[in-house]
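User: I would like to go through this structure by question and answer, beginning with the ligand and moving on to the protein.

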Amino acid sequence: MSDTTTTADGAAPRTDSIEDLAGFSRRSGELFCEEISARELARRFQTPLYAYSRQALEHNIADWRAGVAGTPHRVFYAMKANGSLALLELFARAGLGFDIVSRGELARALAVGAKGCDIVYSGVGKSLEDMRAALAADVLCFNVESLPELERLNAAALEMGTTARVSLRVNPDVDARTHPYISTGLKNNKFGIAFDSALEGYRRAARLPGLKISGIDCHIGSQITELEPFVHAAHKVLDLVEEISGAGIALEHIDFGGGLGVRYGAENPPAARELVSALSQCVRERGFGDLPLFFEPGRSLVAQTGLLLTTVEYVKPTAARNFCIVDAAMTDMIRPTLYQAEMAMVNCSEHADAAPAVYDVVGPVCESGDFLAKNRLLDVREGDVLAMTGAGAYGMSMASNYNARGRAAEVLVDKDSAWLIRRRETIEDQMALESRLPLEVL
Ligand SMILES: *Cc1c(COP(=O)(O)O)cnc(C)c1O
């Protein structure tokens, strides 16, 4: 077994606890999601399992809705972070709208009772079919990301005898100081319309009869843990708002996108209400305080509401590293592999005879990139149930079937009830879409 207290590169290993998480607690060594122990959830529903806390969701919704007196703001949940219908239903009931990026997401929003006026449509590659579906639903606003998209949307609206409300998503060229894969507001990103072309875009949109200019939009990246990049981007957007108004084009809202970060480890991001308050203040200072503000949070609404529960299959000490092989994999949670994300990992049941060592927690998939956590000081034994916290965002929504693994089940915990909101995917489910070749060609 390798050294039990330091990591291979000599750095201090990480240990996590679950204090300060609404909806979760540790009681006599057992991790609880509301009133049910994580171990009990794993026993009842098997693992890998996503478990969400309703209390945590309501805590986050309240934070985003708090807002600022005198500045109207609307929250559109970016459902790509977690598109579970049960969660969407809770958001819809709480009065949130939805930010969508495909007609599949549109169908999900409509399925939980959202109306067109509750939906904004983002994304760089909207197809004609996407546009037609969204126009038929009469969505509140298309966030348009290029000049060719403006032309296509105009044609689609005219063909359907309607008008499309539009915002241009402008790229303010601001460094969100986050991981390059989730930074979207720099001029070398594929997203948005270059700052210098935005006014021309608005002039063009104003001349297109199938379009009605509604607002302006930006989204500079994700997992942003400071106010400063948001405020910087806001001022650049407000410079444009001045120019656009100066050109005689009226705007009806400003959309500041999503991107607020969460605490996965040592980060200390501002609360949603602080972000809303800071941006409302910018807008008031610049004399646009009467324009409603839109926000499109994804991660900050759901990340800390979910656990990924996984069972230890094997403890495998080697000369170089100790591996803790679990039944969840990159197919369930790809963030560590894709973004080098470091997410918290705890044992759901603490052992009385503690014997911690430094482990890499890895999955069964045939890829060296298949890991969930590295260099963690943990006390783990075969059969233990581990919990990755902060797993509610970009976990299940990015899950795949690689290695012919079925996707995990999901449960929503509400006090002492646990609702199965998505059953575990079966092997039959995985084969259901495929067709065999006719015998005569074999
Ligand atoms: C992804 C995305 C969001 C949500 O981002 P989070 O970081 O999850 O808050 C909002 N708006 C747009 C346009 C996006 O692409």
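User: Which residue has an N or O atom in its side chain 2.7 Å from a nitrogen atom of the ligand?
Analyst: The model is predicted, so side-chain atom pairs count only at pLDDT 80 or more. A polar contact requires N or O atoms within 3.5 Å. A ligand nitrogen meets that limit with a side-chain N or O atom 2.7 Å away, and the residue is Glu 296.

User: Which residues have a polar backbone atom 2.9 Å or 2.7 Å from an oxygen atom of the ligand?
Analyst: Both distances involve an oxygen of the ligand and the protein backbone. The 2.9 Å distance is to a polar backbone atom of Gly 298. The 2.7 Å distance is to a polar backbone atom of Arg 299.

User: How much of the area that the ligand exposes when taken alone does the protein bury?
Analyst: Taken alone, the ligand exposes 390 Å². Of that area, the protein buries 94%.

User: How many residues surround the ligand, and what is the make-up of the shell by class?
Analyst: The closest residues are Lys 80, Ser 222, Glu 296, Arg 299 and Tyr 394. They belong to a surrounding set of 14 residues. By class, the shell contains five charged, six polar and three nonpolar residues.

User: Why does Cys 33 not form a disulfide?
Analyst: A disulfide is a covalent bond between the sulfur atoms of two cysteines. The rule requires the two sulfur atoms to be within 2.5 Å. Cys 33 is buried, at 0% relative accessible area. Its sulfur is too far for a bond because the closest cysteine sulfur, in Cys 348, lies at 10 Å.

User: Where is the closest cysteine sulfur to that of Cys 324, and how many disulfides does the rule count?
Analyst: Cys 324 is buried, with 0% relative accessibility. The closest cysteine sulfur is in Cys 348, 12 Å away, which is too far for a bond. By the rule, the number of disulfides is zero.

User: With which residue does Arg 43 form a salt bridge?
Analyst: Arg 43 counts as exposed because its relative accessibility is 56%, above the 50% limit. The partner is partly exposed, with a relative accessible area of 23%. Both residues lie in helix H1 (residues 38–45), three residues apart, about one turn of the helix. The closest N and O atoms are 3.0 Å apart, and the partner is Glu 40.

User: Which residue forms a salt bridge with Arg 74, and how many residues apart are the two?
Analyst: Arg 74 counts as partly exposed, at 29% relative accessibility. Its salt bridge is with Asp 118, with closest N and O atoms 3.3 Å apart. The pair links distant parts of the chain: Arg 74 is in strand E5 (residues 73–78), whereas Asp 118 is in the loop between helix H4 (103–111) and strand E7 (119–121), a separation of 44 residues.

User: Which helices hold Glu 129 and Arg 103?
Analyst: Glu 129 and Arg 103 form a salt bridge, their closest N and O atoms being 3.5 Å apart. The pair links distant parts of the chain, 26 residues apart, with Glu 129 in helix H5 (residues 128–136) and Arg 103 in helix H4.

User: How many salt bridges does the rule count, and which residues are linked in a network?
Analyst: The count by the rule is 29 salt bridges. The residues linked in a network of salt bridges are Arg 54, Glu 58, Asp 414 and Lys 415.

User: Which peptide bond is cis, with omega near -5°?
Analyst: The proline of this bond is Pro 48, found in the loop between H1 and strand E4 (49–53). The cis peptide bond runs from Thr 47 to Pro 48.

User: Is Gln 223 buried or exposed?
Analyst: Gln 223 is in the loop between strand E11 (211–217) and helix H8 (228–246). Although not a glycine, Gln 223 has a positive phi of about 55°. Its relative accessible area is 10%, and the limit for burial is under 20%, so Gln 223 is buried.

User: What is the phi of Asn 403?
Analyst: Asn 403 is found in the loop between strand E19 (385–388) and strand E20 (409–414). Asn 403 is partly exposed, with a relative accessible area of 33%. Its phi is positive in a residue other than glycine, with a value near 65°.

Methods
Residues are numbered from 1 along each chain as its sequence is written. This is a predicted model: local features need pLDDT of at least 70, side-chain atom pairs count only at pLDDT 80 or more; totals for chains, interfaces and linings use all residues. Side-chain values use heavy atoms; hydrogens and water are left out. A residue is near a molecule or strand if one of its heavy atoms lies within 4 Å of it. A polar contact is a pair of N or O atoms within 3.5 Å; within protein, one must be able to donate a hydrogen and the other to accept it, and residues adjacent in sequence count only if both atoms are side-chain atoms. Accessible areas come from the Shrake-Rupley method with a 1.4 Å probe; for residues, only the protein chains shown count as cover. Ala, Val, Leu, Ile, Met, Phe, Trp, Tyr, Cys and Pro count as nonpolar, Asp, Glu, Lys and Arg as charged, and the others, Gly among them, as polar. Buried means under 20% relative accessible area, exposed over 50%, partly exposed in between (1.4 Å probe, protein chains only). A salt bridge is a side-chain nitrogen of Lys or Arg within 4 Å of a carboxyl oxygen of Asp or Glu. Helices (H or I, at least four residues) and strands (E, at least two) are DSSP runs, numbered from the N terminus.
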